[in-house]
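Pull the coordinates up in your viewer and let's take a walk through this one together. A cartoon view is fine to start with; switch on side chains when we get to the rings.

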Amino acid sequence: MAEKVNRPTGVTIIAILTIIIGIIAIFGGLSLVVFGVILSAAPISLTENSNTTTITDDMTPQLVQFFGIMAAIVGAVLLAIGIGYIVMTYGLLKGKGWAWTITVILVIVGIGIQVLSAVTGPVFSASFVTTSDVDATNSLVLGILSSVIGIAISILILYYLYRPNVKSYFGKAQQSK
């Protein structure tokens with residue numbers, strides 16, 4: 001029987017961050033689902049015409065309902081992701097190998113998203129939101145800087161997860177021959 005390795009402090013920190021993300025995702029998902037249901041249940045504007053009811057040519061109510069349905073769908077996905085993060089937290093705290101694997105995959109996916117965000121996000125926000133060239137430059141620099149910081153943190157987490165003592169805690173250490 002293998003001896004159980006003590007949980008590294010960094011794993012506890014990653015688990016705490018993971019549960020915080022999970023809780024935020026659950027609350028965000030619930031909020032979007034409720035908001036979406038309220039919007040999609042909004043009454044369609046109707047007019048009376050000779051004792052019959054017909055939908056007006058105005059597309060606003062249909063758009064509101066469409067965005068309500070989309071918000072509910074996105075909220076449901078976010079809710080599922082939040083629950084997944086809570087489950088992943090349990091696995092991290094208990095040293096489950098599947099939690100290590102999922103965390104590594106999510107960090108790599110996160111790095112990809114952050115790289116894409118660094119390349120595209122600031123350009124769009126600088127061009128659509130700002131009112132002056134100085135604001136656009138500040139927005140661009142801040143967006144790229146925040147993406148670079150996020151990428152650096154993700155790389156540090158990935159490096160940490162591959163440390164021998166961390167891999168050993170998750171039962172992922174290489175077996176000596």
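What follows goes from the overall fold to the pocket, then to the aromatic rings and a few single residues.

One thing to keep in mind from the start: this is a predicted model. The chain has 177 residues, and 25% of them count as buried. Its secondary structure adds up to five helices and two strands. Reading from the N terminus, the order is α-β-β-α-α-α-α, with helix 1 covering 9-40 and strand 1 covering 46-49.

How do the contacts spread along the sequence? Take the contacts between residues at least 6 apart in sequence: 72% of them join residues at least 24 apart. As for the surface, the chain exposes about 11,800 Å², and carbon and sulfur atoms supply 72% of that area.

Now for the empty space. Rolling a probe the size of a water molecule over the atoms shows where such space is left. In this model, the largest pocket holds about 380 Å³. It is lined by 14 residues, and those closest to the centre are Ile21, Tyr85, Val107, Ser154 and Ile157. Which elements give two or more residues to this lining? They are helix 1 (9-40), helix 2 (60-94), helix 3 (97-128) and helix 4 (133-161). Helix 3 gives the most, with six residues. By residue class, the lining of the pocket has nine nonpolar and five polar residues, and no charged ones.

Time to switch on those side chains. A pair of aromatic rings is described by the distance of the centres and the angle of the planes. Searching the whole structure turns up three aromatic pairs. One of them joins Phe66 and Phe67, with 5.4 Å from centre to centre and 65° between the planes, an edge-to-face arrangement. Another is formed by Tyr169 and Phe170: their ring centres are 5.0 Å apart and their planes stand at 75°, over the 60 degrees that edge-to-face requires, so this pair gets that label too. Are these rings' residues buried or exposed? Tyr169 and Phe170 are both buried. Phe66, on the other hand, is partly exposed, because its relative accessible area of 45% falls between the 20% and 50% cut-offs.

Next, a few residues one at a time. Look for Ser147 in helix 4. Its relative accessible area is 7%, which is under 20%, so Ser147 counts as buried. What does Ser147 touch, leaving aside residues up to four places away in sequence? The answer is Gln114, Ser117 and Ala118.

Phe27 sits in helix 1. Despite being an aromatic residue, Phe27 counts as exposed, because its relative accessibility of 55% is over the 50% cut-off. Measure along the chain and Phe27 is 52 residues from Leu79, yet their C-alpha atoms are 7.6 Å apart in space.

Finally, go to Ala41, in the loop between helix 1 and strand 1. Ala41 is exposed as well, because its relative accessible area is 59%, again over 50%. The C-alpha atoms of Ala41 and Ile69 are separated by 9.1 Å, although the two residues are 28 apart along the chain.

Key. Residues numbered from 1 in each chain as written. Predicted model: local features only at pLDDT ≥ 70, side-chain atom pairs only at ≥ 80, totals over all residues. Heavy atoms only, no water. 1 Å grid on protein atoms, 1.4 Å probe; cavity = no way out; pocket = protein on both sides within 12 Å on 5 of 7 lines; lining within 4 Å. Points joined across faces, edges and corners; volume = space filled by probe spheres on them. Helix = DSSP H or I, 4+ residues; strand = E, 2+ residues; numbered from the N terminus. Nonpolar A, V, L, I, M, F, W, Y, C, P; charged D, E, K, R; others polar. Phe/Tyr/Trp six-rings, centres within 6.5 Å; stacked < 30°, edge-to-face > 60°. Buried < 20%, exposed > 50% of the residue type's maximum accessible area, 1.4 Å probe, protein only. Contact = heavy atoms within 4.5 Å. Areas by Shrake-Rupley, 256 points an atom, 1.4 Å probe, with all protein chains shown as cover.
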